[in-house]
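Here is a short tour of a protein chain, written to be read with the structure open beside it. Take a moment to turn the model around before reading on.

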Amino acid sequence: MPASAIAAAAAADVALQRAAAQMHGVFAVNKPAGISCTGVLDYLKRNLGRNAGAEPFAAHFAREAQLRATGRKIRRPRTPLDLRVGHGGTLDVEAAGVLVVGLGRGCKQLDAFLRGNKAYVADARLGVATDTYDAEGRVTHVADAAHVDAACVRHALPRFVGDIWQRPPPFSAARVDGRRLYEYARAGQAPPVEPRPRCVHVASIDLVSLANPAGGHSFGSRADALPPDVAQYYAGGRRQWAEGRGQPGVGDVLLAFANDPQQARMRLAVRCGGGVYVRSLVHDIGQSVGAAATMLTLVRLAQGVLRLDRDAIAVDDLAYTDRVAAAMRHAEDVCAAA
């Protein structure tokens with residue numbers, strides 16, 4: 001391609017991105033598991049307005065995964081355009097589902113989503129606890145869970161509904177003495193003081209299903225499958241189960257044992273307000289039933305009035321100005337009608 005054509009294409013690309021930088025509003029995107037919220041926003045900032053000429057999200061996802069595998073803090077170069085973006089509530093890297101994104105002046109609306117109601121579905125492994133309260137952590141406790149049946153879990157759930165006091169998990173973004181808790185944890189240090197419990201609101205917790213082969217207990221059905229892309233992610237990679245792997249012991253990373261079909265697990269549906277750590281709920285419920293529990297998967301089904309099955313666009317759409325604009329108009333209509 002002649003140099004003049006390359007220059008013209010580059011100028012057109014910049015013009016499209018500058019036009020995108022003038023967009024204002026909020027919309028919902030379906031965040032995939034395996035990438036941080038910051039990683040999703042970084043893709044948006046670098047590619048909005050580039051349309052078909054954008055970097056494929058899959059390539060961005062793979063690069064983020066490689067950077068995260070180093071264990072070091074990800075430092076991203078500045079984007080060429082001053083595009084103001086934000087989100088209305090963090091989802092962990094391994095969590096999926098609705099992420100409300102703000103563009104320009106729309107960022108002023110995000111606080112309402114941050115503090116507002118959310119709906120989740122979480123899968124949990126019974127009989128084991130980890131230091132992170134999820135499958136990426138190291139096992140801290142193994143317990144006999146053969147006695148745990150649906151009646152046992154359902155009897156325990158009401159004490160976690162309403163206004164409850166909840167302590168942030170050790171690996172979280174909560175701050176103690178100016179540092180994030182996960183920074184202390186990664187450095188092998190204890191925070192100078194225990195994080196203060198927070199009063200949070202849980203509207204409801206329902207047991208969707210339970211399978212406990214060791215105890216011969218079962219309840220409900222997992223037929224209400226997770227979205228196909230989410231189910232595929234949670235079944236593969238480092239989580240893929242191999243027969244003969246055995247059982248995890250204290251100090252082992254749970255991830256490789258997460259999908260053992262012979263171990264007890266349950267699925268919970270949670271509706272709550274802002275600030276609730278679902279993995280802390282799972283951990284505490286495990287203790288209350290006389291066993292232990294660790295969250296394996298988490299999908300946010302709704303944030304405020306925006307729902308995953310109806311209102312969220314795919315991450316591949318983030319490069320297309322018209323698709324993001326349509327998503328913002330749709331979100332505005334949904335919020336106005338609520």
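Which exposed residues does the face of α3 turned away from its buried side carry? Keep that helix in view, as the answer comes in the section on α3.

## Overview

This is a predicted model. The protein chain holds 10 helices and 15 strands. Of its 338 residues, 46% are buried. Among contacts with a separation of 6 or more, 76% link residues that are 24 or more positions apart.

The accessible surface of the chain amounts to about 16,500 Å². Carbon and sulfur atoms contribute 52% of that surface.

## The two sides of α3

Helix α3 spans residues 57-69. With 13 residues, α3 reaches 18 Å from its first C-alpha to its last, close to the 18 Å expected at 1.5 Å a residue. Its buried residues are Phe57, His60 and Glu64. They lie on the same side of α3 because they cover an arc of only 60° around the axis. An α-helix has 3.6 residues a turn, so residues three or four places apart point the same way.

The buried residues of α3 pack against α2. As for the opening question, the face turned away from the buried side carries Ala58, Gln66 and Ala69, which are exposed.

## Strand β3 and its partners

Strand β3 covers residues 96-103, and eight of its eight residues are buried. It pairs with β1 (residues 25-31) in the antiparallel sense, through seven bridges. In that pairing, Val29 stands opposite Leu99 of β3.

Strand β2 (residues 85-87) also runs antiparallel to β3, with three bridges between them. Here His87 is found opposite Val101 of β3. The pairing of β3 with β13 (residues 293-303) is parallel and has two bridges. Ala96 of β3 faces Val299 in β13.

## Nonpolar cores

How many residues does the largest nonpolar core have? It has 59, and the ones with the most contacts inside it are Phe27, Leu103, Ile205, Met266 and Leu318. Another core, of 18 residues, lies apart from it and includes Val98, Cys107, Val230 and Ala331. In soluble globular proteins, nonpolar side chains tend to be buried together.

Phe27 is a good residue to select in your viewer. Leaving aside residues up to four places away in sequence, Phe27 touches several residues of β3, including Leu99, Val100, Val101 and Leu103. Its other contacts include Leu44, Ile313, Leu318, Val324, Ala327, Met328 and Ala331.

## Two positive phi angles

Most residues other than glycine have a negative phi. Two residues here are worth a look with that in mind. Asn51 is not a glycine, yet its phi is positive, at about 55°. Asn51 sits in the loop between α2 (37-47) and α3 (57-69). Is Asn51 buried or partly exposed? Asn51 counts as partly exposed because its relative accessibility is 22%, and the buried class requires a value under 20%.

Tyr133 also has a positive phi, near 70°, without being a glycine. Its place is in the loop between β5 (128-130) and β6 (139-142). Tyr133 has 16% relative accessibility and therefore counts as buried.

Conventions. Residues are numbered from 1 along each chain as its sequence is written. This is a predicted model: local features need pLDDT of at least 70, side-chain atom pairs count only at pLDDT 80 or more; totals for chains, interfaces and linings use all residues. Side-chain values use heavy atoms; hydrogens and water are left out. Buried means under 20% relative accessible area, exposed over 50%, partly exposed in between (1.4 Å probe, protein chains only). Contact means heavy atoms within 4.5 Å. Accessible areas come from the Shrake-Rupley method with a 1.4 Å probe; for residues, only the protein chains shown count as cover. Two strands pair if DSSP finds at least two bridges between them. A nonpolar core is a set of buried Ala, Val, Leu, Ile, Met, Phe, Trp, Tyr and Cys residues joined through side-chain atoms within 4.5 Å. The expected span of a helix is 1.5 Å times one less than its number of residues. The arc is that of the directions from the helix axis to the C-beta atoms.
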